[in-house]
Amino acid sequence: MHLISAARLDDKTKGGNRTKIFIEACDRYCERKGRHYTFDIYTNPMGVSINSINVALRQPRPDIRPYIANADVLVQLSNDMETFCYSDNEALEYGVPIVTTPLTVLKELPIPEEAMLVCNWDMSNV
């Protein structure tokens with residue numbers, strides 16, 4: 001499975017700590033089940049350390065759209081300060097499911113349940 005995130009994870013509101021928890025959970029799951037994944041994260045230098053062979057930290061790029069469209073899942077774990085959450089909406093427009101937090105805006109959008117996995121704010125359901 002190929003995951004992607006395009007966020008300024010050096011900004012505390014963009015979910016860097018949640019992303020780290022998510023990665024650790026994915027690594028544990030894959031180790032137990034003998035599965036594999038890759039996670040490309042396009043970000044500024046992060047405030048948290050990621051130590052996973054499955055994750056590639058990449059520089060931000062203006063032509064991110066084709067990369068989002070080619071991913072299996074987009075991960076965006078921001079705080080609930082997003083008024084529209086561009087990344088989530090962009091992925092959904094390409095038919096790419098999302099892993100997200102319970103953003104208020106999600107209640108206003110016609111998103112099929114099977115197109116998103118909503119992580120609790122404390123990541124307790126990952």
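Which residue follows helix 3, and what is its phi? Helix 3 is followed by G95, with a positive phi near 80°. Keep in mind that this is a predicted model. Here are my notes, starting with the sheet.

1. **The sheet.** Start with the 6 strands, which make an open sheet in the order 3-2-1-4-5-6, with parallel pairing. Strand 3 (55–58) and strand 6 (116–118) sit at the edges with a single partner strand each, so one side of each has no neighbour in the sheet. On average, neighbouring strands are turned by 20° against each other, direction ignored. As general background, strands of a sheet pair through backbone hydrogen bonds, either parallel or antiparallel.

2. **The strand 6 edge.** Strand 5 (residues 98–100) pairs with strand 6 in the parallel sense, over 3 bridges. If you want a spot to look at, try T100: its bridge partner in strand 6 is V118.

3. **Helix 1 on the sheet.** Helix 1 covers residues 16–33 and lies across strand 1 (2–6), strand 2 (38–42), strand 3, strand 4 (73–76) and strand 5. Relative to strand 2, helix 1 runs at about 165°. With 18 residues, helix 1 reaches 26 Å from its first C-alpha to its last, close to the 26 Å expected at 1.5 Å a residue. Right after helix 1 comes G34, which has a positive phi near 70°.

4. **What helix 1 hides.** The buried residues here are G16, R18, T19, F22, I23, A25, C26, D27 and C30. Their cover includes strand 1, strand 2, strand 3, strand 4 and strand 5.

5. **Helix 3.** Helix 3 (residues 86–93) lies across strand 1, strand 4 and strand 5, and its direction is at about 170° to strand 4. Within helix 3, S87, D88, N89, E90 and A91 are buried. The cover over those buried residues includes strand 1, helix 2, strand 4 and strand 5.

6. **The cores.** The largest nonpolar core has 18 residues, and F22, Y37 and F39 have the most contacts inside it. Helix 1, strand 2 and strand 4 are the elements that give two or more residues to this core, and helix 1 gives the most, with 4 residues. There is also a second, separate core of 9 residues, which includes I4, I64, A71 and V96.

7. **F22 up close.** Setting aside neighbours within four places in sequence, F22 is in contact with L3, F39, V75, L77, V99, M123 and V126. So F39 and M123 both turn up among the contacts of F22, and each gets its own mention below.

8. **Aromatic pairs.** The count of aromatic pairs is 2. One of them joins F22 and F39 edge-to-face, at 6.3 Å centre to centre and with 85° between the planes. That pair links distant parts of the chain, with F22 in helix 1 and F39 in strand 2, 17 residues apart. F22 and F39 are both buried. Then look at Y42 and Y67: their ring centres are 5.7 Å apart and their planes are at 50°, so this pair is tilted. Y42 is in strand 2 and Y67 is in helix 2 (residues 65–70), so the pair ties together parts 25 residues apart in sequence. Are these two tyrosines buried or exposed? Y42 counts as buried at 7% relative accessibility, whereas Y67 is partly exposed, with a relative accessible area of 32%.

9. **An unusual phi.** Take a look at M123, in the segment after strand 6. M123 has a positive phi of about 65° although it is not a glycine. Most residues other than glycine have a negative phi. M123 counts as buried, at 5% relative accessibility.

10. **T38, for contrast.** T38 lies in strand 2 and is partly exposed, with a relative accessible area of 40%. Not counting residues up to four places away in sequence, T38 touches M1, H2, L3 and N54. As for E24, it is 14 residues from T38 along the chain, and their C-alpha atoms are separated by 13 Å.

Conventions. Residues are numbered from 1 along each chain as its sequence is written. This is a predicted model: local features need pLDDT of at least 70, side-chain atom pairs count only at pLDDT 80 or more; totals for chains, interfaces and linings use all residues. Side-chain values use heavy atoms; hydrogens and water are left out. Two strands pair if DSSP finds at least two bridges between them. Axes are lines fitted to C-alpha atoms, for helices over the stretch in contact, and angles run from 0 to 180 degrees between N-to-C directions. Contact means heavy atoms within 4.5 Å. Rings of Phe, Tyr and Trp (its six-membered ring) pair if their centres lie within 6.5 Å; planes under 30 degrees apart count as stacked, over 60 as edge-to-face and the rest as tilted. Buried means under 20% relative accessible area, exposed over 50%, partly exposed in between (1.4 Å probe, protein chains only). The expected span of a helix is 1.5 Å times one less than its number of residues. A nonpolar core is a set of buried Ala, Val, Leu, Ile, Met, Phe, Trp, Tyr and Cys residues joined through side-chain atoms within 4.5 Å.
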